[in-house]
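Okay, everyone, thanks for coming. Let me put the model up, and then I'll walk you through how the chains meet and what sits at the annotated positions.

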Amino acid sequence: RIMRPDDANIAGNVHGGTILKMIEEAGAIISTRHCNSQAGEPCVAALARVERTDFLSPMYIGEVANVSAEITYTSRHSVEVQVNVMSENILTGAKKVTNKATLWYVPLSLKNVNKVLEVPPIQYARKEQEDEGKKRYEEQKLDRLETKQRNGDVILPVINPEPHTVGYSQSSLIHLVGPSDCTLLGFVHGGVTMKLMDEVAGIVAARHCKTNIVTASVDAINFHEKIKKGCVITVSGRMTFTSNKSMEIEVFVDADPFVDEPRERYRAVSAFFTYVSLSKEGKPLPIPQLLTETEDEKRRFEEGKGRYLQTKAKRQAQMQQAAQ
Amino acid sequence: RIMRPDDANIAGNVHGGTILKMIEEAGAIISTRHCNSQAGEPCVAALARVERTDFLSPMYIGEVANVSAEITYTSRHSVEVQVNVMSENILTGAKKVTNKATLWYVPLSLKNVNKVLEVPPIQYARKEQEDEGKKRYEEQKLDRLETKQRNGDVILPVINPEPHTVGYSQSSLIHLVGPSDCTLLGFVHGGVTMKLMDEVAGIVAARHCKTNIVTASVDAINFHEKIKKGCVITVSGRMTFTSNKSMEIEVFVDADPFVDEPRERYRAVSAFFTYVSLSKEGKPLPIPQLLTETEDEKRRFEEGKGRYLQTKAKRQAQMQQAAQ
Amino acid sequence: RIMRPDDANIAGNVHGGTILKMIEEAGAIISTRHCNSQAGEPCVAALARVERTDFLSPMYIGEVANVSAEITYTSRHSVEVQVNVMSENILTGAKKVTNKATLWYVPLSLKNVNKVLEVPPIQYARKEQEDEGKKRYEEQKLDRLETKQRNGDVILPVINPEPHTVGYSQSSLIHLVGPSDCTLLGFVHGGVTMKLMDEVAGIVAARHCKTNIVTASVDAINFHEKIKKGCVITVSGRMTFTSNKSMEIEVFVDADPFVDEPRERYRAVSAFFTYVSLSKEGKPLPIPQLLTETEDEKRRFEEGKGRYLQTKAKRQAQMQQAAQ
């Protein structure tokens with residue numbers, strides 16, 4: 001579809017969140033279709049996890065987004081989908097790869113939302129494809145268990161914070177989950193959640209460096225718990241790390257099912273977004289260093305630095321491999 | 001894309017206007033891409049006309065709409081696009097043709113919006129394809145000139161109307177044209193206009209028969225004049241004819257460019273929509289007869305009857321042809 | 001959240017209606033949460049009334065709206081909420097108070113929508129807070145009864161009106177109430193109604209003075225009757241009074257529950273909006289005087305003048321008090 005003014009920031013760059021939402025919709029369609037391809041209980045595929053994804057080049061208002069999706073692996077209860085996004089300038093004909101993402105879906109019964117159904121297996125062209133898929137499946141499973149544990153943290157408000165401190169840029173928004181946000185099962189689409197997360201992360205980034213900012217990448221996101229229609233969700237973001245040219249922002253999503261069932265507020269999702277700051281000519285600008293004050297902030301900065309160095313090392317290894 | 005609650009009426013049927021909007025977006029993308037495929041002035045394709053289209057089967061919330069578009073003819077200054085819409089139930093896998101539409105676009109220069117550019121010619125597989133296309137082109141050109149003349153009519157308000165009269169169900173809405181409604185040139189997308197027209201026609205139909213109504217077909221629509229961002233548009237509808245099982249509603253779109261340039265309000269578009277009324281089981285219900293009071297209303301009723309009988313005869317001829 | 005192009009007019013000023021909608025959403029969340037904070041029947045808080053509110057400074061595209069809400073009084077069956085809106089320019093860090101609003105909510109049972117539940121009492125820091133709240137409660141109750149009576153009026157159409165007459169700028173729109181407009185109970189959010197009211201009032205104001213106009217204030221709005229999903233609502237506005245620098249517009253909302261239950265159309269809400277006209281530099285422009293023709297128009301003009309002078313006197317008294 002054509003990108004509209006509302007899909008973009010004031011500099012005309014399409015929000016990373018808009019792209020994440022399109023990716024997730026494509027993933028949900030192809031995996032729901034696949035899981036219903038054999039006779040059996042009807043089901044809806046629910047997003048369980050998105051692997052780390054990089055935004056390779058910005059998309060602009062007026063460009064057309066071409067989204068294609070393919071199922072690349074199936075385990076007994078989950079589906080791996082590879083989604084590619086190309087931006088096309090229909091005036092010049094220029095096409096660019098904007099994004100490649102890997103998503104994991106789980107089929108939930110339409111009759112009983114707590115029942116996970118079996119996934120029809122796909123055929124692999126070569127045995128190695130299946131083995132590689134299985135390896136990716138095991139890795140993501142492990143990572144999902146780990147993140148579930150670090151999820152207890154909350155974002156406390158700070159009064160009269162200094163510029164460039166964590167408290168200065170931290171932000172949160174609340175959103176009442178309406179019918180258009182939800183699947184047939186009455187739960188929020190993963191893509192809707194990711195779009196809100198990107199919105200908050202973008203506000204944190206802009207508050208910190210006061211320039212035009214764009215999403216550079218999103219770390220793996222795990223969807224631990226479903227969010228029901230009628231919930232209020234609180235999306236909070238705080239900066240954890242800055243390098244010379246990038247900022248890392250941690251985003252939490254908490255759900256408050258306050259009407260139907262007087263259940264406690266719970267942590268539904270969390271993730272790390274990386275942003276860069278761009279000049280009017282689209283060149284990366286230096287980022288003011290994040291000032292850490294508390295012990296926790298210093299620890300999170302070091303952890304962020306670890307993730308940053310790891311990603312950088314991985315990218316260099318890939319480039320060397322590609323160059324050989 | 002997946003159909004959401006907001007795309008549909010309370011019975012779950014997707015609005016005809018939502019489908020028309022998707023069709024037009026696909027048409028605008030393919031024809032803008034084609035018109036920019038050769039070196040030259042960049043341009044945006046503007047909708048000039050939509051041929052009569054039937055809604056063959058209703059689409060429901062949760063189904064996926066597959067839209068495909070193809071260029072079938074090019075004249076020197078216009079492009080004919082054929083768009084097909086299929087609805088797919090991703091739970092059962094069932095697919096149905098929902099709609100086939102033919103649209104005509106004209107390339108307008110991005111630098112000078114009043115300049116119509118030349119269209120790169122397409123290659124035809126067979127000579128007959130070109131000849132048939134040329135015939136369709138000449139026919140629509142003639143029809144556009146004709147409708148331009150009957151456009152002077154306005155909808156006058158009626159005080160305390162009786163049920164089932166024209167005045168009882170006639171309706172109008174105003175809409176302030178915002179950025180999301182517009183193309184890169186700052187003019188309203190044809191699809192946005194058609195969606196609003198369907199909304200008004202649907203309200204007229206529902207007010208007349210007070211049941212669940214769905215769009216059955218739309219007559220050829222000609223877009224005589226562009227509508228600029230910031231205009232207020234008034235979309236008005238009145239019932240012109242009822243048969244036993246269908247209602248015909250005439251819809252006008254008037255644009256009021258009140259802020260920028262104090263130009264007079266002008267008629268931008270007009271068209272006839274046909275609706276049917278459905279029971280809870282999806283069966284067509286009888287329609288209360290329209291009570292005509294004035295001479296003009298009686299004349300329009302007869303004209304509507306003429307269109308109805310003509311369409312019916314054409315359909316029967318097609319069915320006989322198909323049966324041979 | 002960040003203000004987008006669709007939230008604003010073509011001059012970049014955020015619509016008053018967008019702000020009213022955010023205010024109401026915050027109020028609905030905090031009061032629904034409060035009313036469900038004790039064991040008992042689950043409920044949804046429905047908007048009963050918004051006190052008069054001034055738009056203190058305009059908000060622009062790209063700014064972030066910070067909305068905060070606090071419960072300031074509870075009676076047996078109603079909750080008073082104070083909502084503050086700040087606009088923040090995240091590039092410069094500048095913050096401004098945009099709006100302060102007071103809203104009254106009533107808890108309706110999720111099981112039986114016609115049952116009003118009891119509100120858990122709040123604790124007051126000081127006894128005077130409770131007394132002042134009680135006084136505000138009594139005052140608004142009286143005012144609600146009064147406005148219920150003057151609600152019988154309708155807006156009659158005028159043919160070929162002269163510029164600057166009441167008939168020239170009066171406008172109305174129809175809207176089919178969709179799922180996204182509604183609460184869990186299937187009734188229209190008060191904020192959605194207010195946004196449509198502001199849209200119509202803005203079109204009336206723009207038609208009258210043909211310049212860039214912005215909402216300056218909204219009189220107390222009472223929500224007498226709920227509006228159900230599937231209704232068609234007609235929102236009509238007419239100018240009642242002009243001073244040198246402001247226009248007062250009366251807006252009515254009528255609901256037509258035509259599908260489900262063939263009940264008569266009824267008046268759901270009415271209110272007065274005040275607009276000013278701004279030059280390109282953001283300075284107030286003089287307003288062309290409203291030409292009144294009928295006796296009713298002249299009477300309404302005088303009533304509007306009364307409200308205008310009363311508000312002006314109140315404001316001067318407050319400023320003198322503040323200066324002491």
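Let's start with the contact between chain B and chain A. Putting those two together buries about 2,100 Å², and carbon and sulfur atoms give 63% of that area. In general, that lost accessible area is how people often quote the size of an interface. Before I go on, a reminder that this is a predicted model.

In terms of residues, 24 from chain B are in contact with 23 from chain A. How many salt bridges are there between chain B and chain A? The count is two. Let me show you one pair: B:Arg33 bridges to A:Glu88, and their closest N and O atoms are 2.5 Å apart. On top of that, five residue pairs are in polar contact across the interface of chain B and chain A, with both partners at pLDDT 80 or more.

Which elements of chain B give two or more residues to the side that touches chain A? They are α1 (16-35), β1 (43-50) and β3 (64-74). The most comes from α1(B), which contributes five residues to that side.

Now, symmetry. Chain B lands on chain A with an RMSD of 0.1 Å after a rotation of 180 degrees, with 0.1 Å of shift along the axis. The two copies are therefore related as by a two-fold rotation axis. If you want to find that axis by eye, look for B:Arg1: in chain B, its C-alpha comes closest, at 5.0 Å. And 96% of the interface residues of chain B are also interface residues in chain A, so the copies meet through the same surface.

Let's swing round to the other pairing, chain B with chain C. Here too, a turn of 180 degrees does the job, with a shift of 0.0 Å along the axis and an RMSD of 0.1 Å. In chain B, the C-alpha nearest this axis belongs to B:Leu173, 2.0 Å away from it. Again the same surface serves both copies, with 97% of the contact residues of chain B recurring in chain C.

Last stop, the annotated positions in chain A. The UniProt entry, which is unreviewed, puts its "active site" annotation on A:Asn9 and A:Asp198. The two are spread over 190 residues of sequence, but they cluster in space, with a largest C-alpha distance of 12.0 Å.

Take A:Asn9 to begin with. This residue sits in the segment before α1 (16-35) of chain A. Is A:Asn9 buried or exposed? Its relative accessible area is 17%, so A:Asn9 counts as buried. The side chain of A:Asn9 reaches the backbone nitrogen of A:Ala11 at 3.0 Å. Leaving out residues up to four places away in sequence, A:Asn9 touches A:His15, A:Asn212, A:Ile213 and A:Val214.

A:Asp198, on the other hand, is in helix α4 (residues 190-209) of chain A. With 4% relative accessibility, A:Asp198 is buried. With that sequence cut again, A:Asp198 touches A:His15, A:Gly16, A:Gly17, A:Thr215, A:Phe273 and A:Tyr275. Keep an eye on A:His15 here, since A:Asn9 touches it and A:Asp198 touches it too.

That's what I had, so over to you.

Notes
Residues numbered from 1 in each chain as written. Chains lettered and ligands numbered in written order. Predicted model: local features only at pLDDT ≥ 70, side-chain atom pairs only at ≥ 80, totals over all residues. Heavy atoms only, no water. Least-squares fit on C-alpha atoms with pLDDT ≥ 70 in both. Contact = heavy atoms within 4.5 Å. UniProt positions renumbered as here; feature names shortened; annotations may be inferred. Helix = DSSP H or I, 4+ residues; strand = E, 2+ residues; numbered from the N terminus. Buried < 20%, exposed > 50% of the residue type's maximum accessible area, 1.4 Å probe, protein only. Polar contact = N/O pair within 3.5 Å; in protein donor to acceptor, adjacent residues only side chain to side chain. Buried area = accessible area lost by both parts, 1.4 Å probe. Salt bridge = Lys/Arg side-chain N within 4 Å of Asp/Glu carboxyl O.
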